[in-house]
Amino acid sequence: MSAAATTARLPRIAPQWLLLAPAGLLLGGLFGFPLAWLAQFSLTPPGTQPALLGPVTLDNYARFLGDAFYLERILWTTIRVSLLSCAIAVAIGYPLAFWVAQTRSQKLKAALIAAIVCPLWLNTVIRAFGVMLLLFDNGPVVALAEGVGLPPLQLLYNETGVVIGLAYLAIPFFVIAMIGVIEQIDARQVEAAYSLGASGPYMFRRVILPATLPGVLNGFVLIFCISIASFAIPQLLGGGKVPMLGMLIYRTANVSGNVAFASAMSFILLAATILSLSVVTIALKRAAARR
Amino acid sequence: MAAFRKPRDPGRLALSAFGAFWVLVMVAPILVIVAASFNPRHIVFPPEGFTLAWYGKALGSENFVRAFLLSVKIGVVAAAASAAVALCAAVAIVRYPFRGKEAIVQALMSPLLIPTVVIGLAIYQAAIMVGIGRSFLALVIGHVIIAFPFPLRTIMANLQGTDPSLEEAAIMLGEHPVRAFFKVTFPQVRMGVAGGALLSFIVSWNNYPLSIFLSTPEFAPLPVEIFFYLQWQFEPLIAAVSSITIVFSILLIFAVERMIGLSAFTR
């Protein structure tokens, strides 16, 4: 056994711990410590300098969570905009994933997946820029809307722009997650239902929807967590006017210089992320156990 | 997979039209950037003319060239470091039994769970505290942390497919365990290591919410430089810079596709 041989040469420390040491150092020292230091910041009384194990207060959290302005204007805007954009992403992504999953030609399917995933490999700033070019006042989308007789649209530097941008970012994630789920539906079950005379809508409601619903929830929570933390989209497509948490953390720390408050906001964002992830995970586990 | 719908279903046709439309929409912003970079004067789509002048300006722009090179440098160092750390950790996890393995794997994957903005602020404050501030070192540390789970995943997957007995035989025949690993097992997981390093490079290459905390106007990786620029100015130059970045990213995608397959990033 290689473990025994290694231990003989490196006495006392078992090889697995030696091998894990760099990762442990990275995660503990270079990741865990900054997070702990940030926690200390968030607990530092306003107006004082943070110190390791210094005085502790919940004032920064209370200021955010106790103020209707922050709750409504920032937290609720963040959640509302994210929910809306994720709902749009699901409404587009679900049928899209369906179409891609049942494409018969493997070559075409690979090409479609590549086209959908392609934006994921580019950085968010560039994707936001591309969406901006489409949504401009004198851009193609506005021109098209005017062409069909719609009133002039303002799609940029407001909430609409942020919702469109976030949905655009979310669709590829959701589609990729769903294709795997849809491909796992038992095709025999579907064929059996058809041969027994089931109609399309009936089939969808009784066979396909129940089989894909856990996947939809998983995909939704994934894109929701990405959306609530988004930074480039509200800054660029919202012109900085749509107050979302991710963007405000940066601005509060770097423009206003209030690091303590930005830290508290960071942990509130983190809590929102973990909370939404665990709610869905627990719900899915319960549902699976019931079945 | 068998088709779910009966053939010649009108619903199927509608679904195809819907799907084709949205696939086009997904790539449209990228195509629009490339098209807009050929504009002679103003940044508009559809373009008003055709010129390659902005590409010349982009390649001659000190700021963008500097940002490009900085991004490459950070990416290479972060990729090498995270692949090396991930290789060690993956060997420990796959090859050795120990208590709390599940929890350790979860902890190692945790940077994927935490919003990058939060990691950025945390590293920035810690960097100020220890006196390195906004520096190359701080940027590399941040990028290694967010990139590390990707090579860990690819290398673990590759290691699980290897047989430890050959390596053990080499050790029993007197080879040093470390050398035995690199002679026997490493060649089998090489693609996972290289692919993982490449994914790390892409994570670093694309990162912006973490980098922005550790950048200054004179010292910014490419995505941050583009972001700063987009906030104040709007000329075809930025479309040309973005197009060059897009081409570079597409080359990286092809490399990943060759090495480990495209789903590695999103799984």
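Where is the place of A:Tyr157 in chain A? I looked this up first, bearing in mind that the model is predicted.

**Entry: A:Tyr157**

I found A:Tyr157 in the loop between helix 7 (140-147) and helix 8 (159-183) of chain A. I noted a phi near 60° for A:Tyr157, which is a positive value in a residue other than glycine. I then checked its surroundings: A:Tyr157 has 18 C-beta neighbours inside 10 Å and so counts as partly exposed, since burial requires 20 or more.

**Entry: A:Gly139**

I turned to A:Gly139, which lies in the loop between helix 6 (124-135) and helix 7 of chain A. Is A:Gly139 buried or exposed? I recorded A:Gly139 as buried, because 20 other C-beta atoms lie within 10 Å; the cut-off for burial is 20 or more. Leaving out residues up to four places away in sequence, I listed A:Leu133, A:Leu134 and B:Phe45 as the residues that A:Gly139 touches. I also took the C-alpha to C-alpha separation of A:Gly139 and A:Pro201, which is 39 Å for 62 residues in sequence.

**Entry: helix 4 and helix 10 of chain A**

I examined how helix 4 (residues 68-101) of chain A packs with helix 10 (residues 200-228) of chain A, and found an angle of about 135° with the axes 9 Å apart. The two helices are therefore oblique to each other. I noted that helix 4 of chain A passes helix 10 of chain A in a right-handed crossing. From helix 4 of chain A, the contact is made by A:Thr78, A:Ile79, A:Ser82, A:Ser85, A:Cys86, A:Ala89, A:Val90 and A:Tyr94. From helix 10 of chain A, I listed A:Val216, A:Phe220, A:Ile223, A:Phe224, A:Ser227 and A:Ile228. I sorted the residues of this contact into ten nonpolar, four polar and no charged.

**Entry: nonpolar cores**

Which residues have the most contacts inside the largest nonpolar core? I found A:Ala170 and B:Ala89, in a core of 165 residues. I followed A:Ala170 further: leaving aside its neighbours within four places in sequence, A:Ala170 is in contact with A:Ser85, A:Cys86, A:Ala89, A:Ile223, A:Ile226 and A:Ser227. I also recorded a second, separate core of five residues, which includes B:Ala170, B:Ile171, B:Ala180 and B:Val184.

**Entry: contact between the chains**

How many residues does the contact take from chain A and from chain B? I recorded 78 residues from chain A and 71 residues from chain B. On the side of chain A that touches chain B, I found that helix 2 (residues 15-42) of chain A supplies the largest share, 16 residues. I divided the residues on that side of chain A into 60 nonpolar, 14 polar and four charged.

**Entry: B:Leu121**

I placed B:Leu121 in helix 5 (residues 116-130) of chain B. B:Leu121 counts as buried because it has 28 C-beta neighbours inside 10 Å. Not counting residues up to four places away in sequence, B:Leu121 touches A:Leu38, A:Ile249, A:Ala253, A:Ala262, A:Ser263, A:Ser266 and B:Phe213. I noted a C-alpha separation of 31 Å between B:Leu121 and B:Leu237, which are 116 residues apart along the chain.

**Entry: chain B as a whole**

I counted eleven helices and zero strands in chain B. I put its C-alpha atoms in a box of roughly 70 × 65 × 30 Å, taken along the principal axes. Of the 267 residues in chain B, 46% are buried. Among contacts in chain B between residues at least 6 apart in sequence, I found that 72% join residues at least 24 apart.

**Entry: helix 2 and helix 11 of chain B**

I found that the axes of helix 2 (residues 53-60) of chain B and helix 11 (residues 236-259) of chain B come within 8 Å and cross at roughly 75°. That makes helix 2 of chain B roughly perpendicular to helix 11 of chain B. Helix 2 of chain B brings B:Trp54, B:Tyr55, B:Lys57 and B:Ala58 to the contact, and helix 11 of chain B brings B:Pro236, B:Leu237, B:Ala240, B:Val241 and B:Ile244. I classed the residues of this contact as eight nonpolar, no polar and one charged.

**Entry: B:Val105**

I located B:Val105 in helix 4 (residues 101-109) of chain B. With 17 C-beta neighbours inside 10 Å, B:Val105 counts as partly exposed. I recorded 9.9 Å between the C-alpha atoms of B:Val105 and B:Arg153, which are 48 residues apart along the chain.

Notes. Residues are numbered from 1 along each chain as its sequence is written. Chains are lettered from A and ligands numbered from 1 in the order in which they are written. This is a predicted model: local features need pLDDT of at least 70, side-chain atom pairs count only at pLDDT 80 or more; totals for chains, interfaces and linings use all residues. Helices (H or I, at least four residues) and strands (E, at least two) are DSSP runs, numbered from the N terminus. A residue is buried if 20 or more other C-beta atoms lie within 10 Å of its own, exposed if 12 or fewer, and partly exposed in between; C-beta atoms are placed from the backbone. Two residues are in contact if their C-beta atoms, placed from the backbone, lie within 7 Å. A nonpolar core is a set of buried Ala, Val, Leu, Ile, Met, Phe, Trp, Tyr and Cys residues joined through C-beta atoms within 7 Å. Ala, Val, Leu, Ile, Met, Phe, Trp, Tyr, Cys and Pro count as nonpolar, Asp, Glu, Lys and Arg as charged, and the others, Gly among them, as polar. Axes are lines fitted to C-alpha atoms, for helices over the stretch in contact, and angles run from 0 to 180 degrees between N-to-C directions. Angles under 35 degrees count as roughly parallel, over 145 as roughly antiparallel, 65 to 115 as roughly perpendicular and the rest as oblique. A crossing is left-handed if the near helix is turned anticlockwise from the far one by less than a right angle, and right-handed if clockwise.
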